[in-house]
Amino acid sequence: MTRVTETDNPVAEERKGAVFRLLYLFERYREYLMLAAILIVSSLTAYAIYKLTTEIRIEDVRDALSATPTSAILLSLLFTALSFAALICYDLNAIEYVRKKKLPLVSVAITSFIAYAIGNTAGFGALSAGAIRLRAYLRLGLTPEEIGKVVAFVTLAFGLGILGVTAISVLVTAPRLSALAGLDATLIRGISIVILLVMTTLLVMGRGGRRISLGLLTVRLPDSKTASQQFLVSALDMAASATALYVLIPQDAIGWPVFFAIYSTATGLGIISHVPAGIGIFEAVMVSALGAHVPVDRLLGSLLLYRLIYNVLPLLIAALALILVETRRFALVPVAAAFRQLEPRLAPALVAALSVLTGAILIFSSVTPTNDDKLVRLENYMPVPIVESAHFITSLLGLGIFIAARGLSNRLDAAWWFTLATSIAALFFANLRGVSALEASLLITLILALSMTHQRFKRPASLIHQALAPSWVAAMAVIVASAVTLLFFVYRDVDYSDSLWWEFEIADEVPRGLRAAAGLAMAASAVAIYSLLRPAKFRPKLPTGDSLEKALPIVMAQGTADANLVRMGDKQILLSDSGTCFIMYGIQGRSWVALFDPVGDEEEATELLWRFVEMAHANGARAVFYQITPALLGFCADAGLRAYKLGEAAKVSLPDFQLKGGRMSNLRHAISKAQREDLEFHVANAGAEVDAVMDELQAVSDSWLQQHDAREKTFSLGSFEPDYIRSQPVALLRQRGRIVAFATLLITDAKLEASVDLMRFLPDAPNGSMDFLFVQIIEYLRDEGFQTFNLGMAPLSGMSKRDSAPVWDRIGGVIFEHAERFYNFKGLKAYKSKFAPRWEARYIAVSGNASPVMAIMDVTVLIGGGLRGVVGK
């Protein structure tokens, strides 16, 4: 009777295929769906702000700004400093909780300050606070798992802090809030009480660092001391940041508790919206909630001033600190010494964020009116055509500086030269049309920062071919849409007509703003269309005999055994210019997947990694590095890649391998049983000896595939291809002269490491045959002088189950514990553990904001040889 499995059932296989296809499609277009959502939210917000400010004119906002007392500005600066001090405590608490020991205070403070300064201003992609922490804390000695826990701790603490503090303030101010929101005060209080009860319950349950189960997930809660300490830090941060804005508005308009509840709600909604820096969302909530109690012109002026103090000023301070440190005059100051240690990792992101801010300010200034005194001077000394041209050109230069920030974050030399030249040109043209103090300050700071950090931007790559990722397109779209909204707000009383486009007078600023906005919209649309819709320029061909001939000597000269998988010929090869290093990779969908670390000369590896990332981006794809070692993570972080743990590789020390002790009793039993079964071990050398038994090996392989309802795999696994099989030695297991099992060996001349690839056996092979085969292989390799035996990776092994582990680790841990129906994760690790290996982490690194789930799916399709290979076995 024929055994029927799920994969033999066409209906079941089709269902599995449909589910996988749906998940695959969702993950493939997730970034674009997020982009569309951000654009929709931003458009609705812009419309809401425009309607909420119907009665307000730009002159009113200017007057309100001028009327702001100096004492209020100084108080706002003080509370901003207190807020950033509290934000630094987030990192200090997280590191102490995760690592149980402290890092240098100054280094952590610098990292945290810059992370928040950049994240609050740019707030997306490679310039997020998490990416900054990854780059800096790797340099300070934290592991990627520890950094992931720190980021998770900080993110969760911030979110819970906002929730808890807001709930308390809402509970106190419920009657006033009910009048503002039109909701029942009892309902508002009830929601706040529920939130506080849940948080209190978690705090009580977590005392002593207890674990609780949430479905399949087991979570270790922070102990009471840590939770209480962090709640106080969160309360200080939120109170200080809210007060930094509160002191700028009329003090008799609304009480601080009510204001705080509204402020924290607006902050939370801005974060949830995923709009870069929450721009527009925060302002819309504040205006809609407070507009009836605070003069809207005063409120808008206060919000603008708050953005300058809380968002712009910290980034400027960080940039100025970078410039001062680069002058080396303050090298002996402890803070400067700590900054210099972190500067190689932080400088590109800091300069890129400054470029984003400078470009945005230039864009906004192109649609706002110039000071009247400046207009008089321009009218007396500057011809109209020059003013008109300078205004239009400056707006486009601002967009160019903004777009070039992506290249700066990737350390491209072309981006450095382009931004420097564009900034100098923008400073020149801005002066021709009347530059503001803020614009001049930002441009001069950017020019100085670029000049001081030239050595950090050495990546030779074309800037033209660098397409913007969807997150950058979203940020650009939000900035341009905000500029257009600002234009219509400023000139809302103008009677728009076609004739405006052709009016050229220094005093007529409306036409200039319209032409600048139109130019920005067209240029930004062209960049967005180019980035999102352009097809890949080429698909590299599979390696020819020539490229394989160049790669094989590199493989044999180095110590990574798995590099022999290049012999399969199913992966593209990217060789370094010197021909001493290569990357093997495959392409699936929009993922360019590099397998393992670069192979060969370590000094060439970093350059080749950057080249691969740039080549993928130039073709509109995401760069993915699969099964990489911890040694490559720092370089991946510098290249804007985010790492996620995949599992652990089992490494057996061959000189230390012995069969003594109770732990090896099962293996000793397997050897004794194999000897009774007349099993014999032999190694057939590559070439003629393997050819002599090729037919028998083929029969064993075919029988094994049929028995296991399996298909041949590719990419990270070898398949039974005669040319591949004969290229390396094969370990054979015979019973009375008949081959019953075999394993292909992966070795190099360096003899630092050996591994196995294909492992196949007959259905009637004696039980324990593979145990015996592995022991014999290990002893053979030890006698041949090899140092390490690589048993391969145990997927999802070693995922963190405690502390504030990243969500990725928690999901992986759940799958490892409970997904035995789909894949024998625990069984595979248990089998490899028989040989007493040491476990070494393996990672997948993915470009910027690209989804690791999408990357994993593409890798799965590559290994399966197509979707059918994934759906079936």
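Which residue stands opposite Val 593 in E5? The tour returns to that pair after a look at the model as a whole.

**Before selecting anything**

This is a predicted model, in which local features need pLDDT of at least 70 and side-chain atom pairs count only at pLDDT 80 or more, while totals for chains, interfaces and linings use all residues. Residues are numbered from 1 along each chain as its sequence is written, and side-chain values use heavy atoms, with hydrogens and water left out.

Colour the chain by pLDDT, the predictor's confidence in each residue, from 0 to 100. The mean over the chain is 78, and 79% of the residues reach 70 or more. Select residues 1-13, where pLDDT stays under 50 and the model has 15 contacts (heavy atoms within 4.5 Å) beyond four places in sequence. Then select residues 798-825, where pLDDT is again below 50 and the model has 71 contacts beyond near neighbours in sequence. Where pLDDT is low, the predicted coordinates should not be read in detail.

**The nonpolar cores**

Next, select Ile 114, Tyr 137, Phe 259 and Met 286, which are the residues with the most contacts inside the largest nonpolar core, a set of 135 residues. A nonpolar core is here a set of buried Ala, Val, Leu, Ile, Met, Phe, Trp, Tyr and Cys residues joined through side-chain atoms within 4.5 Å, and buried means under 20% relative accessible area, with exposed over 50% and partly exposed in between (1.4 Å probe, protein chains only). Show helix H14, residues 334-365, which gives the most to this core, with 18 residues; helices (H or I, at least four residues) and strands (E, at least two) are DSSP runs, numbered from the N terminus. Centre on Ile 114 and, leaving aside residues up to four places away in sequence, you will find that Ile 114 touches Ile 132, Ala 318, Phe 339, Leu 346 and Leu 350. For the second, separate core, which has 78 residues, select Leu 646, Ala 754, Leu 758 and Phe 772, which are included in it.

**Strand E5 and its partners**

Move to strand E5, residues 591-595, where five of the five residues are buried. Both faces are covered, with Ser 591, Val 593 and Leu 595 on one side and Trp 592 and Ala 594 on the other. Add strand E4, residues 581-588, which runs antiparallel to E5 and is joined to it by four bridges; two strands pair if DSSP finds at least two bridges between them. Here is the residue asked about at the start: Gly 586 stands opposite Val 593. E4 and E5 form a hairpin with two residues between them, and Gly 589 in the turn has a positive phi of about 60 degrees. Now add strand E7, residues 622-628, which runs parallel to E5 and is joined to it by five bridges; in E7, Phe 625 is the bridge partner of Ala 594.

**Two positive phi values outside glycine**

Most residues other than glycine have a negative phi, and most peptide bonds are trans. Select Arg 736, whose phi is positive, near 55 degrees, and which sits in the loop between strand E10 (730-735) and strand E11 (738-746). Arg 736 is exposed, at 61% relative accessible area. Then select Ala 836, which has a positive phi of about 50 degrees and lies in the loop between helix H30 (825-833) and strand E14 (838-847). Ala 836 is partly exposed, at 32% relative accessibility.

**Salt bridges**

The structure holds 18 salt bridges, each a side-chain nitrogen of Lys or Arg within 4 Å of a carboxyl oxygen of Asp or Glu. Select Lys 651 and Glu 753, whose closest N and O atoms are 3.2 Å apart. This pair links distant parts of the chain, with Lys 651 in strand E8 (residues 641-653) and Glu 753 in strand E12 (residues 753-761), 102 residues apart. Lys 651 is buried at 8% relative accessibility, and Glu 753 is buried with a relative accessible area of 8%.

Go next to Asp 691 and Arg 726, which meet in a salt bridge of 2.6 Å, N to O. Asp 691 lies in helix H25 (residues 688-692) and Arg 726 in the loop between helix H27 (722-725) and E10, so the pair ties together parts that are 35 residues apart in sequence.

Finally, select Arg 838 and Glu 840, whose side chains meet in a salt bridge of 3.5 Å, N to O; Arg 838 is partly exposed, at 47%. Salt bridges that share partners join Lys 651, Glu 753, Arg 838, Glu 840 and Arg 842 into one network.
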